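Thanks for coming. I have one structure to go through today, and I will mostly talk about how some of its helices pack.

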Amino acid sequence: SAMIPSTHSVRRPFRALPFVLAGGALVLGGCDGGDAAETAVHEASIVLKTGAAADVASRGTSSSADSLAAYRERRLNEALQTLDAHVGSESGSYAGAAAVLASVAENGLAIEHEAELISGLRELSNRQTVLRGVLGEWWKQHVIAESSATFDPKDSISELNRLTSVLEEEVEHVRQSKATLDEKISTLDAQIAEAMTQADAERNQAAQIELESSRAAPTERPALAERVREHTRRADSYEFQAQRLQTRVGQLRPDAAEKGRHVERLQKQLSLLEDSRQQIAEQQQISADDAAAARRAARETETSLFERSAALNDYLVNEVGELASNAERRLRSAVTNAGKSSDSARDSAMLAKASAQHRLGDLHDRMGEAHAALADLFGHLASLPLENAARFQALADERLASADEARQSARDAYADAARSFRSVRVRGDAKDALDALADRLEGVEPESLDEFGGDESMDETPIEDGAGDAPGDDEIDG
């Protein structure tokens, strides 16, 4: 059976598109056409399956997976080169198969770019953390300068108390957020364990039936063999669900860890504020020279704040933006290639197209979140008593506009994916599953994606053999 993708993209090649590996059987069953196109499709199928086998062999070992990234990319490019001359040609049904497999290969190549984008966004988050540290230093200098100028610690201590209260509230908020993430991770871990238990049970059942088959009469063996295949398909489905859940856990764990580190940084800032409070209480006779020095330091720190903010803005727009463009280019090429398929492979093409459109939505959603996070940070800086407040506000406005644009692009991509999922010609449970997925994508707000993405029951739904109506799509075999 082919698999229906979940509401979240999987960021490992071949695992993200399980129907891709079925692509050979999916699109070849009803093909006819020129020998050259037929040869290209078969060769590309072998290349894709070879890359998939290498990916399977690397599971559970991150270093092995990393070392195979270049190999997977080379194999995917080989598949594209093999198929390129036949995509959109007049070589009969095999031209349609070539278009589907070319879309599959582009989807796989996009995954590597998505991984680079995720790394870039993590680096962006790290640089934001550094900027917040500089902001904390400015706050310390600003408070010292204000207190030194008045020679009266009362107002300064009140300000420190206010800042302390703000930070303590933020500490509590971050802790609660981390607790929520930890609970999600625990729930997902339990779901992973349950899925693997179900997979083991299905495989054990298949093994038992195989043992019975060896002792059964010849007339009974075909039915027993079919039962073995059914249990094996179910086991594969449970294992794939566990892998998808594990990917989600892998996305959540760094966030939970970062929130833990955020709490530590906030506590250090609280400690700095307490140190400042004690110093102010002990030094009520601070001199005007000390006040001037603190103001100079604050101005220097403010200069650093703006320089770092401008560099952070450039990093998102240029470097991270280029990584996003690379992934988007591959995904749009996957959509284009899928659109060149013939009617004999129409439903396979629509699944490949829908997956690419869905992942385009995920990509734009991520970029929208990144732009919005910087807009919030720059807006906060613009609200402070800084000489560069207007320049910070300009940066905030730019990023907010980019966030709105990215989120609209995400909405459009999700709507396109929903239409593509609905156009796949299947019946029964498979049709219900695709319609349910389309319903959840239509009109969704990108920032609310995680809310419905938590329903892992949609992570993979098998399209049973024979569900397709289109010529060539009635021999789906996972």
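Of the 478 residues in this chain, 50% are buried. Keep in mind that this is a predicted model. The accessible surface comes to about 21,700 Å², and carbon and sulfur atoms own 48% of that surface. For secondary structure, the chain has 13 helices and 2 strands. Now the contacts: if you take those with a separation of 6 or more, 84% of them are between residues 24 or more positions apart.

I will spend the rest of the time on helices H9, H10 and H11. H9 covers residues 288-339, H10 covers residues 346-382, and H11 covers residues 389-423. A word on the description: two packed helices are described by the angle between their axes and by the distance between those axes.

Start with H9 and H10. Their axes come within 9 Å and cross at roughly 170°. An angle over 145 degrees counts as roughly antiparallel, so H9 is roughly antiparallel to H10. Sorted by class, the residues in this contact are 20 nonpolar, 6 polar and 4 charged.

Next, H10 and H11. Here the axes come within 7 Å, and the crossing angle is roughly 165°. By the cut-off I just gave, H10 and H11 are therefore roughly antiparallel as well. The crossing of H10 past H11 is left-handed. The contact between H10 and H11 holds 23 nonpolar, 13 polar and 9 charged residues.

That leaves the third pair. How do H9 and H11 run relative to each other, parallel or antiparallel? They pack at an angle of about 15°, with axes 11 Å apart. Angles under 35 degrees count as roughly parallel, so H9 is roughly parallel to H11. This crossing is left-handed too. If you want to find the contact on the screen, look in H9 for Leu305, Phe306, Ser309, Ala310, Asn313, Leu316 and Val317. On the H11 side, they meet Arg391, Phe392, Leu395, Glu398 and Arg399. By class, the contact of H9 with H11 has 7 nonpolar, 2 polar and 3 charged residues.

Two single residues to finish. The first is aspartate 365, which sits in helix H10. Is this aspartate buried or exposed? Its relative accessible area is 7%, and buried means under 20%, so aspartate 365 is buried. Its C-alpha lies 6.5 Å from the C-alpha of alanine 406, and the two residues are 41 apart in sequence.

The second is alanine 291, in helix H9. Alanine 291 has a relative accessibility of 1%, so it counts as buried by that cut-off. Which residue do I want to pair with alanine 291? It is isoleucine 144, 147 residues away along the chain, with 7.1 Å between the two C-alpha atoms.

To recap the packing: H9 is roughly antiparallel to H10, H10 is roughly antiparallel to H11, and H9 is roughly parallel to H11. That is what I have.

Terms used:
Residues numbered from 1 in each chain as written. Predicted model: local features only at pLDDT ≥ 70, side-chain atom pairs only at ≥ 80, totals over all residues. Heavy atoms only, no water. Axes fitted to C-alpha atoms, helices over the stretch in contact; angles between N-to-C directions. Helix = DSSP H or I, 4+ residues; strand = E, 2+ residues; numbered from the N terminus. Parallel < 35°, antiparallel > 145°, perpendicular 65-115°, else oblique. Left-handed = near helix turned anticlockwise from the far one by under 90°. Nonpolar A, V, L, I, M, F, W, Y, C, P; charged D, E, K, R; others polar. Buried < 20%, exposed > 50% of the residue type's maximum accessible area, 1.4 Å probe, protein only. Contact = heavy atoms within 4.5 Å. Areas by Shrake-Rupley, 256 points an atom, 1.4 Å probe, with all protein chains shown as cover.
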